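This report follows the metal sites of the model and then turns to its strands. The sequence and structure are shown here for reference.

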Amino acid sequence: MYKFMTRFARLGLFAALSLGTSMLAHADIVLTFEGVGDAIAIENYYNGGAGGNLGVAFGSNALGVIDSDAGGIGNIANEPSANTVMFFLSGSNAYMNVASGFTNGFSFFYSSASAASVNVYDGLDGTGNVLATLNLANQYNLNCSGDPNGQFCNWTPVGVTFTGTAKSVGFGGTANYVAFDDVTIGNSIPGNPVMVPEPSAIAIAGFGFALACFGSKRRKA
Ligand SMILES: [Ca+2]
Ligand SMILES: [Ca+2]
Ligand SMILES: [Ca+2]
């Protein structure tokens, strides 16, 4: 019993420390595009605009598009965060720039009417080295229906991890075929951070558990 408690306590402390450091080391950014507007260029919405000062800027071809069922022009349904997504009407200048850089991972949900690829670069505007490539399939209408309207109704999460520091993402080649939502910077799993357990709460719970184990060990000793 004594040895079991000692080992358990170490495990608890290790879990608390590793969760606390790995999950707090970087802040993921999830871009839902809610609030951008309909057929409105995203541009600096997340770079000091109404979406916050997140340091994320888009080329002028990246548009916010709202579901037609919500009053916009979007031919979409079941979007991961309703009712706005990102869409490119033309392919040139289709870059997302993060001037201060980002690490670890990149991910998003997509609905695509064409096979396509998205590249992560270590330079601005698609310059430098390709750090990672995300391949997209033609899946936009598979096994889904509108809400009540919208042909781009099937959404797939994709993500990559990479080493180095990324500064841009090239969405070129996806124009007029792919809708994106919940673009997530710093994580290979896209999504709403509200749905992820609070790292500080986990760390504190882990620490509490570890301390309880240490305490019981001490009492038994
Ligand atoms: Ca719809
Ligand atoms: Ca919808
Ligand atoms: Ca959205």
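## A pair of calcium ions

In this predicted model, the calcium ion (ligand 2) and the calcium ion (ligand 1) are 4.0 Å apart, and Asp67 coordinates both of them. Glu79 lies in the loop between β6 (62–66) and β7 (84–88), while Asp147 lies in the loop between β11 (130–136) and β12 (156–161), so that this pair ties together parts that are 68 residues apart in sequence.

The calcium ion (ligand 2) is coordinated at 2.2 to 2.8 Å by Asp67 through OD, by Glu79 through OE, listed twice, and by Asp147 through OD. Along the chain, the donor residues of the calcium ion (ligand 2) have the spacing D-x11-E-x67-D. Glu79 counts as buried because its relative accessibility is 7%, under the cut-off of 20%, whereas Asp147, at 29% relative accessibility, counts as partly exposed.

## The site of ligand 1

Around the calcium ion (ligand 1), the coordinating atoms come from Asp67 (OD, listed twice), Asp69 (OD), Ile76 (O), Asp147 (OD) and Asn149 (O), at 2.2 to 2.5 Å. In sequence these donors follow the spacing D-x1-D-x6-I-x70-D-x1-N. Asn149 is partly exposed, with a relative accessible area of 43%.

Six octahedral donors would ideally give angles of 90 or 180 degrees at a metal. The six donor atoms around the calcium ion (ligand 1) subtend angles of 54 to 168°, and the arrangement is therefore irregular.

## The site of ligand 3

The calcium ion (ligand 3) is coordinated at 2.2 to 2.5 Å by Thr32 (O), Glu34 (OE), Ser81 (O and OG), Thr84 (O) and Asp181 (OD, listed twice). The donor residues of the calcium ion (ligand 3) are spaced T-x1-E-x46-S-x2-T-x96-D in sequence. Distant parts of the chain are linked by the pair of Ser81, in the loop between β6 and β7, and Asp181, in strand β14 (residues 178–185), which are 100 residues apart.

Ser81 is buried, with a relative accessible area of 13%, and Asp181 likewise counts as buried, at 0% relative accessibility.

## A five-stranded open sheet

Five strands form an open sheet in the order β5-β8-β13-β10-β11, with antiparallel pairing. The strands β5 (56–58) and β11 stand at the edges, and because each has a single partner strand, one side of each is left without a neighbour in the sheet. From one strand to the next, the twist averages 15°.

At one end of this order, strand β10 (residues 116–121) pairs with β11 in the antiparallel sense over six bridges. Within this part of the sheet, Val120 has Ala132, in β11, as its bridge partner.

## Asn97 and its surroundings

Which strand holds Asn97? Asn97 is found in strand β8 (residues 95–102), which the order of the sheet places between β5 and β13. With a relative accessible area of 15%, Asn97 is buried.

A polar atom of the side chain of Asn97 lies 2.8 Å from the backbone nitrogen of Asp125. Leaving aside residues up to four places away in sequence, Asn97 touches Gly55, Val56, Ala57, Leu124, Asp125, Lys167 and Ser168; among these contacts, Val56 and Ala57 fall within the residue range of the edge strand β5 (56–58).

Terms used:
Residues numbered from 1 in each chain as written. Chains lettered and ligands numbered in written order. Predicted model: local features only at pLDDT ≥ 70, side-chain atom pairs only at ≥ 80, totals over all residues. Heavy atoms only, no water. Donors = N, O, S within 2.8 Å, 3.2 Å for Na, K, Ca; no water. Helix = DSSP H or I, 4+ residues; strand = E, 2+ residues; numbered from the N terminus. Buried < 20%, exposed > 50% of the residue type's maximum accessible area, 1.4 Å probe, protein only. Pairing = 2+ DSSP bridges. Axes fitted to C-alpha atoms, helices over the stretch in contact; angles between N-to-C directions. Tetrahedral: all angles 85-135°; square planar, octahedral: opposite > 155°, others 65-115°. Polar contact = N/O pair within 3.5 Å; in protein donor to acceptor, adjacent residues only side chain to side chain. Contact = heavy atoms within 4.5 Å.
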